[in-house]
Amino acid sequence: MAAEAPGPQTLTVDLGTVTGPFHGGASGTLYGLYGDGVPSRAVVEGMYVRTVATKAQDGVQHPGADALEILPSFVAAGGKDVYVYLPDFYRGFPYEWPGATGEERFAGFKEVVRRQVRQALTLGESAEHIVYVPFNEPEGNMFGEGEWSHDRVSWHTDPRHYFAAWQETYHLIKGLHPGARIAGPNTCVLYPEVRGFLEFAKEHGVLPDVITWHELSSPAAVRTNVAKYREWERELGIGPLPVNLNEYAHNYHLSVPGQMVQWISAIEESKVDADMAYWNIAGNLNDSAVEANKGNGQWWLFNAYGRMTGNTVRVTAPHPDVQYTLQGVATLDAAKRQSRLLFGGSGGAAEIVFAHVDPEVFGTTVHVRLDEIRWTGQVGASEPPLRLRDDELPVVDGTVTLSVTGLDEMSAYQAILSPGGHGADPLPPAVRWRRTYEAEDATYSGGGYSKNGPEGSPSAVDRFATSGGHHVGGLRTGSDGVLAFDVEVPRDGTYEISVYANSHNEADLVRESGPTNVFLRVDGEQPRELLLPLGYKWAVWGHTDTTAELTAGRHRITLAAQDPDLGATKGDAVIDKLDLTLRDTEGPALHDAEYADLREGARVSHAHRGASGPGVAVLPRGGTATFWVHAADDGEATVTVDRLGPGEGVVTVNGEEVGRAEEGALPLFLAGGINKITVTGTSERLIVDRLCVGPSRGLLADAAYAAEDGTLTGTAKVTAYPYATGGKAVDGIGAGPDNALTLTVTAGHAGRHALTIRYSNGEQAPATHYNPDPICRHADITVNGGDPHRVLFPTTFHFNAFWTLTVPVTLARGANTLTFTADELPDFDGESRNAHGQRSAYAPVIDRVVVTPLGPWRPGDPLD
């Protein structure tokens, strides 16, 4: 990445120059949704995903991500459009469409199109959210020069066959679905020949409803090419048409907030939609989602982006439109009296200058909240953005200057301006002290050492971002290696230790045993075993965390492949870095309501002294304030809605009503990862100051049930898995309802409960090209013999790697039976089957189930 800037840079936010309504188009995803629940509804909603590009229903290009299967839940989560890549019905890339001649191949393709459109129309009004993409990168696929092309003549050279196919397919789709929207030409870049395509399409009445192309280039090219396309529109007298850049960014950029904020700023400035490119696995929002319900740093960046409101304003960067430098995007919502800025992409120091600060909106003093959105790896879950600053600054001659030092080029930052001078209590930084120690700078002893890299860089964007550019190998089966980090801390305290590491799940030594275990000691003491993250390729980073009591001064933290008390490493790992963090004093996580997502008439007010922050949220009856809350693990948390005055409301968590806002501290079940907590006003006026989320008080009784103690039928059997609880779990569930697991669980009262299922899933389908193709397994869960509830379980990358997934169910008081079955799911028609093993017949391996009430039982609630 770019070297740290030598001195402070200036980034200017001109609040007096509006550039248009906030659009939010950069949050699109290609193959980012596998199916309903992967990722979870909360993760999709909280990322404010606007558009999805995905494969044709029942296509065999990759497992999952079938257009008509993901559409209902995506729309329910607030999504706008699903772009259906019709050629992704086929295997291979270039697409392997069958036929001996171009005419035969095209005839078969038209049958695919007919089938897709007819199936889409069975969705009724939901079909309005579909955008058909007839051809994808036609210049290198169906109308290129390769083996699988129509006639091995590129449409760049002679476009007649492509143009004729476009015209015929266009009329075919519109004939079957008159209200259909069609997108194209979907080229891999905005070729000059696209102008000729537009001329042809206009002349023959077959213009796309949405113009699409891919920007696998740079943020600068986004601005340049959108402007070029708009000029073509003016020259040709068409449009302006909606634009979707339905593949953008590279491996080096994805997951890195400091990189992605540069793309976001260009896409938002251009007021177009855009979908992040699919380089890796389906169903993780292009390296944003972790497991089913967690987000990494990139997820939190898009969460902050999606919560922008009002109008965008002009941002002038120190090096305008230059990638790998400080860039930003900003909004002004005059009704909220709030400005938000997202910036990043460069290290060092910066002066953030807000110009033309309107005294009618902000007064003479502003309240500033500055947060850091850190990179946590592709498969590393992240907590919410870290508060760096929360105080007030004067407005001088219409200008507010925010000085920032110690910028991390891999991080993005969020600054929020509100009116000051209302007596808000400043909050301290969330972190007292933090340091990063690169593995390549640590001391290695023993055999097998390797320094690997360089990984991703501006000149190698196909590789993954890696802290410092290098990583270290050597801790593997049979090794005696020790990696020693010499650290120095400023004061006594409890320090968080995060080891950023990776094991490729398909590597020989990893395939054999699953997650790689290593042994950590501090100054030769405090031994503990760590299981390091698995990933779908090498240099795909996650983190394993622990804590240690450290005294002020120097210490040595070691990672070893052998420990005299604990054993030896099995597997093969690479280490990127070690982070040490000293937190601020422990306390509840605070979420100020004036920064929440406010809807249905809810508004921000700055007229209430005594509020914790610069303002409050005022909710009318039916008005809502939504907070995106992180939980480290599945289980009880203490949630308090701080109110001003006597107003009343209800609290929902992930769509489940769990309590009343006027009751004070509530014990509520939160799923590990992302939780959507919404407060809804039920009185004429509810004034919400903030939401406080603290640790469990042990008020929700939970109970754990080992799968091995259940009733097993058919092929379901207890099997040894070293990292299962007690070393055993149940596999063989599925391939028909006779192969099942049944558990009897007990509920203290009737009502909604969380089933937290510890499971593993290492199934993977053969891939045709660079994308690994892990498969989501599913389980049909029945409660007390009722209708089955289908649940998808994402890959854990190995059958000996266990994660948790929470499912809400309704239980009766006393004993309840839970039955887990599975079978191979048919195609959309209910009859045909996938011929490439892309729909599993089996449930995941199940280790145990924990049952917890979603909220407190209250007098008056039913017992049965």
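A residue is called buried when its relative accessible area is under 20%, exposed when it is over 50%, and partly exposed in between, as judged with a 1.4 Å probe on protein chains only. By that rule Tyr 31 counts as buried, because its relative accessibility is 2%.

The structure is a predicted model, in which local features need pLDDT of at least 70 and side-chain atom pairs count only at pLDDT 80 or more, while totals for chains, interfaces and linings use all residues. Residues are numbered from 1 along each chain as its sequence is written, and side-chain values use heavy atoms, with hydrogens and water left out.

**Backbone geometry**

Most residues other than glycine have a negative phi, and most peptide bonds are trans. Tyr 31, although not a glycine, has a positive phi of about 60°, and it lies in the loop between strand E2 (28–30) and H1; helices (H or I, at least four residues) and strands (E, at least two) are DSSP runs numbered from the N terminus. Tyr 48 likewise has a positive phi, near 55°, and is placed in the loop between H1 and strand E3 (51–55). Two cis peptide bonds are set out below.

| Cis peptide bond | Omega | Place of the proline |
|---|---|---|
| Phe 93 to Pro 94 | near 10° | Pro 94: loop between strand E4 (81–85) and helix H3 (102–121) |
| Gly 184 to Pro 185 | about 5° | Pro 185: strand E6 (residues 181–187) |

**Aromatic pairs**

A search of the whole structure finds 36 aromatic pairs, where rings of Phe, Tyr and Trp (its six-membered ring) pair if their centres lie within 6.5 Å, and planes under 30 degrees apart count as stacked, over 60 as edge-to-face and the rest as tilted. One of them joins Tyr 48 and Trp 628 in an edge-to-face arrangement, 6.2 Å centre to centre with 75° between the planes. This pair links distant parts of the chain, since Trp 628 lies in strand E38 (residues 624–631), 580 residues apart from Tyr 48. Trp 628 is buried, with a relative accessible area of 7%, and Tyr 48 counts as buried at 16%.

Phe 143 and Tyr 162 form a tilted pair, 5.4 Å centre to centre with 50° between the planes. Phe 143 lies in the loop between strand E5 (130–133) and helix H4 (160–176) and Tyr 162 in helix H4, so the pair ties together parts that are 19 residues apart in sequence. Both Phe 143 and Tyr 162 are buried.

**The surroundings of Thr 796**

Thr 796 is in the loop between strand E54 (789–793) and strand E55 (803–811), and it counts as buried at 1% relative accessibility. Its side chain reaches the backbone oxygen of His 798 at 2.8 Å and the backbone oxygen of Ala 801 at 2.8 Å. Leaving aside neighbours within four places in sequence, Thr 796 is in contact (heavy atoms within 4.5 Å) with residues including Leu 534, Tyr 759 and Trp 803.

**The largest cavity**

The lining of the largest cavity (residues with an atom within 4 Å of a point of the set, on a 1 Å grid over the protein atoms alone, where a 1.4 Å probe fits but cannot get out) comprises 13 residues, of which Gly 35, Gly 37, Pro 39, Val 44 and Ser 73 lie nearest the centre of the cavity. Helix H1 (41–46) and helix H2 (67–76) are the elements that give two or more residues to this lining, and the largest share, 3 residues, comes from H2.

Conventions:
A polar contact is a pair of N or O atoms within 3.5 Å; within protein, one must be able to donate a hydrogen and the other to accept it, and residues adjacent in sequence count only if both atoms are side-chain atoms. On a 1 Å grid over the protein atoms alone, a cavity is a set of points where a 1.4 Å probe fits but cannot get out, and a pocket is an open set with protein on both sides within 12 Å along at least five of seven lines; lining residues have an atom within 4 Å of a point.
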